[in-house]
Amino acid sequence: INTEFTGYNKYEERCRIKAIIKEGKPVNEIADAATGYVITDISPFYGEQGGQIGDTGTLEKDSSRCGIIDTKIVESTILHAVEVKGCLLKVGDEVTLKVDVKRRHNIAGHHSATHLLQAALREVLGPHVEQSGSYVSDESLRFDFSHFKDLDKREIERVEDVVNAYIRKAAGVSTSVMGIGEARCMGAIALFGEKYSGTVRVVFMGNISKELCGGTHVSSTGEIGLFKIISESN
């Protein structure tokens with residue numbers, strides 16, 4: 001089932017249930033107090049991928065409100081982990097999906113911060129630095145990168161200063177979908193070891209950063225607020 005993702009610019013969507021999975025098997029309905037995965041034709045919920053955790057929020061049917069406690073994605077299918085409350089959900093039902101906007105914005109800020117961090121690391125340590133992984137949640141971020149030694153205290157402070165200078169620029173964040181060849185020609189950075197083909201989404205942060213990325217982001221670097229490195233390890 002192909003789920004149309006509308007969550008780059010929408011937090012709420014009226015949609016139809018196309019499938020329900022309970023205990024690993026497809027079912028036609030799911031009852032009150034049960035948990036399972038609901039698949040819809042359209043969704044504003046971001047499924048966990050690219051280091052970014054999945055959205056949470058609510059699924060509403062008539063006057064009932066169910067919690068969406070996590071979101072996964074398998075190929076082009078978005079799976080909403082739902083705790084059913086006060087209703088019976090059936091395949092074919094029309095429901096309203098609502099993303100937890102505050103949590104999503106915190107996640108987006110941390111994801112955008114990883115792009116600024118990579119730019120700062122390359123500025124301070126050199127262009128050899130490449131991202132090798134990440135973890136982005138609403139509470140924190142982890143950024144994995146290649147370098148030939150641990151960072152010393154002075155380098156960490158310098159990286160922090162550069163990232164916070166990028167934030168204070170309040171640079172606009174924009175996206176563009178293009179062919180992989182065009183993206184490479186313009187110098188867009190890709191995740192180390194990742195294979196890309198066809199069209200890709202490029203995230204621009206002013207003249208600071210150009211990266212291939214499918215995640216959600218703030219509209220201006222200024223929305224990130226303040227950046228602080230808590231720890232560094234290898």
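This passage looks at one helix and at the salt bridges of a predicted model.

Helix α1 is a good place to start. It covers residues 101-125, 25 residues in total. From first C-alpha to last, α1 reaches 36 Å, close to the 36 Å expected at 1.5 Å a residue. Both ends of the helix have something to point out. At the start of α1, Asp 100 brings a side-chain oxygen to within 3.4 Å of the backbone nitrogen of Lys 102. At the other end, α1 is followed by Gly 126, and the phi of this glycine is positive, near 130°.

Next come the charged pairs. Side chains of opposite charge can pair when their charged atoms come close. In this model there are 14 salt bridges, and a few of them are worth walking through.

One of them ties into α1. Asp 55 forms a salt bridge with Arg 104, with 2.8 Å between the closest N and O atoms. The two partners come from distant parts of the chain, 49 residues apart: Asp 55 sits in the loop between β6 (42-43) and β7 (57-61), while Arg 104 belongs to helix α1. How buried or exposed are the two side chains? Asp 55 has a relative accessible area of 0% and is buried. Arg 104, at 3% relative accessibility, counts as buried as well. Both values fall under 20%, so both residues land in the buried class.

A second salt bridge pairs Asp 70 with Lys 72, and here the closest N and O atoms are 3.2 Å apart. Asp 70 counts as partly exposed, at 23% relative accessibility. Lys 72 is partly exposed too, with a relative accessible area of 29%.

The third case is a mixed one. Lys 228 and Glu 160 meet through their side chains in a salt bridge, at 3.5 Å from N to O. This pair also links distant parts of the chain, 68 residues apart, with Lys 228 in the segment after β16 (209-212) and Glu 160 in helix α2 (residues 153-168). Lys 228 is exposed, its relative accessible area being 55%, whereas Glu 160 counts as buried at 10% relative accessibility. Finally, there is a network: Arg 14, Arg 16 and Glu 94 are joined into one by salt bridges that share partners.

How values were computed:
Residues numbered from 1 in each chain as written. Predicted model: local features only at pLDDT ≥ 70, side-chain atom pairs only at ≥ 80, totals over all residues. Heavy atoms only, no water. Helix = DSSP H or I, 4+ residues; strand = E, 2+ residues; numbered from the N terminus. Expected span 1.5 Å × (residues − 1). Polar contact = N/O pair within 3.5 Å; in protein donor to acceptor, adjacent residues only side chain to side chain. Salt bridge = Lys/Arg side-chain N within 4 Å of Asp/Glu carboxyl O. Buried < 20%, exposed > 50% of the residue type's maximum accessible area, 1.4 Å probe, protein only.
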